[in-house]
Amino acid sequence: MNSSEEHYGYLFAHFRADGVTDVEKIHFSLSSGDTPLRWDPLWGGQPVLESHIGTRGVRDPAIARGSDGSFHILATDLRTSAGDREIWDESLRRGSRSLIGWQSSDLVSWTAARSIEIAPSNAGMAWAPEVTADPQSGEFVVFWSSRLYAADDPTHGADSYSRIMYSRTRDFASFTPAEVMIDTGGRDVIDTAVIHEHGKVYRFTKDEARSGGWGIYLERGSSLFDDDFTLITTNIAGDRFPGGVEAPIVIRARGEDRWFLFLDQYQEMPQGYFAMECTDLDSGEWSYVPLDEVSIPPSTKHGTILPLLRHEWDRLRTLTGLD
């Protein structure tokens with residue numbers, strides 16, 4: 001990537017669901033200008049990527065720019081839309097331990113899907129991958145949620161809870177053995193997102209407890225793997241969607257001390273993302289972005305946002321007929 005080139009615009013990789021039929025394929029939306037608050041579906045709203053391997057369903061994509069300028073997508077290998085049966089418990093206990101991955105040099109042409117076995121053998125699943133760079137090592141850190149089961153429970157019949165696991169990679173081809181990143185000692189946690197600011201790491205995580213839990217909560221630590229994380233706030237957006245939000249995305253507005261937090265609500269129809277903002281991450285005070293400032297197509301579900309360069313945004317806009 002040319003460091004002198006202008007940064008402009010954003011790409012949103014996500015899946016879609018209309019509340020009746022889950023569309024477990026990868027979709028792209030492009031920012032309407034240089035703001036992450038307004039989005040236009042790409043390719044006429046049709047999926048960009050789908051999987052014919054593993055469970056044949058893909059959700060929760062994470063998109064990242066590699067150190068060589070290539071692009072990588074990792075997604076949950078999970079299909080829940082076969083007929084009208086919900087298979088969540090089976091997927092938690094005996095689901096796929098692999099992620100589905102793709103690579104591209106231009107965000108348009110992608111390699112064939114490949115399966116990446118990433119969770120340990122005693123895991124029940126590998127859900128909701130995210131990617132961040134470790135500024136200390138220069139590696140990429142991939143993290144996701146897995147339930148872990150005891151060695152004497154090969155069928156995973158006992159109760160368990162989700163931890164956040166992680167693996168390191170430099171090339172998205174080989175990955176280090178999985179290790180535990182967040183373990184609450186009993187509470188189910190999923191969907192961690194991190195941002196590096198002011199020499200600190202801020203991480204947003206979803207506590208799955210339906211009563212008495214923390215919902216979406218924010219912590220601050222010295223670095224990705226230090227054990228000094230302290231709690232800043234809990235139940236973000238819980239006043240409007242108690243227990244019904246997940247999949248946090250956090251991004252800083254360019255040139256401003258303003259941060260946007262996107263949350264995927266599944267409590268009301270149509271489901272999908274809404275936006276919150278703050279001007280001080282340490283305050284824990286998040287407010288809703290006024291609705292007239294936000295345009296996210298309904299049913300835009302769990303994904304991540306990639307900052308673009310000007311030529312990338314221009315090309316995607318032109319190729320997909322938005323101009």
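**Notebook: strands, cores and rings**

I began at strand β15, where L231 is the bridge partner of E219. The model I am reading is a predicted one.

**Entry on β13, β14 and β15.** I looked up how β15 (residues 230-233) is held, and found 3 bridges joining it to β14, with the two strands running antiparallel. I then turned to the other pairing of β14, with β13 (residues 200-207), which is also antiparallel and has 6 bridges. In that pairing I noted R220 of β14 as the bridge partner of Y202. Is β14 buried or exposed? I found 5 of the 6 residues of β14 (residues 216-221) buried, so the strand is largely enclosed by the rest of the structure.

**Entry on the four-stranded sheet.** Next I traced an open sheet of 4 strands, ordered β16-β17-β18-β19 and paired antiparallel. Its edge strands are β16 (245-252) and β19 (287-288), each of which pairs on one side only. I checked β17 (residues 259-265) against β18 (residues 272-278) and noted 7 bridges in the antiparallel sense. One detail I wrote down is that L261 has M276 of β18 as its bridge partner.

**Entry on the cores.** Which residues have the most contacts inside the largest nonpolar core? I listed L11, F28, I63, W102, L107, W110 and L308, in a core of 21 residues. The elements giving two or more residues to this core include the strands β1 (7-17), β2 (22-31) and β20 (300-309), and also α2 (310-319). A second core, separate from this one, has 20 residues, among them Y202, F241, V250 and L281. I went back to W110 and, leaving aside its neighbours within four places in sequence, found it in contact with F28, V48, L49, I63, F71, I73, W102, Q103 and S104.

**Entry on α2.** I looked for the buried residues of α2 and found E312, W313, L316 and R317. They lie on the same side of α2, because they cover an arc of only 125 degrees around the axis. Just after α2, I noted that G321 has a positive phi of about 80 degrees.

**Entry on aromatic pairs.** I counted 12 aromatic pairs. In one of them, F140 and F172 have ring centres 5.1 Å apart and planes at 45 degrees, so I entered the pair as tilted. F140 is in strand β9 (residues 140-147) and F172 in the loop between β10 (162-169) and β11 (179-182), so that distant parts of the chain, 32 residues apart, are linked. I checked burial for both rings: F140 has 10% relative accessibility and counts as buried, and F172, at 4%, also counts as buried.

I then looked up F274 and Y288, whose ring centres are 6.0 Å apart with planes at 35 degrees, so this pair is tilted. It links F274 in β18 to Y288 in β19, 14 residues apart. Both F274 and Y288 are buried. I also recorded one aromatic cluster formed by F12, W39 and Y273.

**Entry on charges over rings.** Which residue lies over the face of Y288? I found R240 there, 3.7 Å from the ring centre. I noted R254 as well, with its charged end over the ring of Y10 at 4.4 Å from the centre.

Note on methods: Residues are numbered from 1 along each chain as its sequence is written. This is a predicted model: local features need pLDDT of at least 70, side-chain atom pairs count only at pLDDT 80 or more; totals for chains, interfaces and linings use all residues. Side-chain values use heavy atoms; hydrogens and water are left out. Two strands pair if DSSP finds at least two bridges between them. A nonpolar core is a set of buried Ala, Val, Leu, Ile, Met, Phe, Trp, Tyr and Cys residues joined through side-chain atoms within 4.5 Å. Buried means under 20% relative accessible area, exposed over 50%, partly exposed in between (1.4 Å probe, protein chains only). Contact means heavy atoms within 4.5 Å. The arc is that of the directions from the helix axis to the C-beta atoms. Rings of Phe, Tyr and Trp (its six-membered ring) pair if their centres lie within 6.5 Å; planes under 30 degrees apart count as stacked, over 60 as edge-to-face and the rest as tilted. A charge sits over a ring if NZ of Lys or CZ of Arg is within 6 Å of the ring centre and within 35 degrees of the ring normal.
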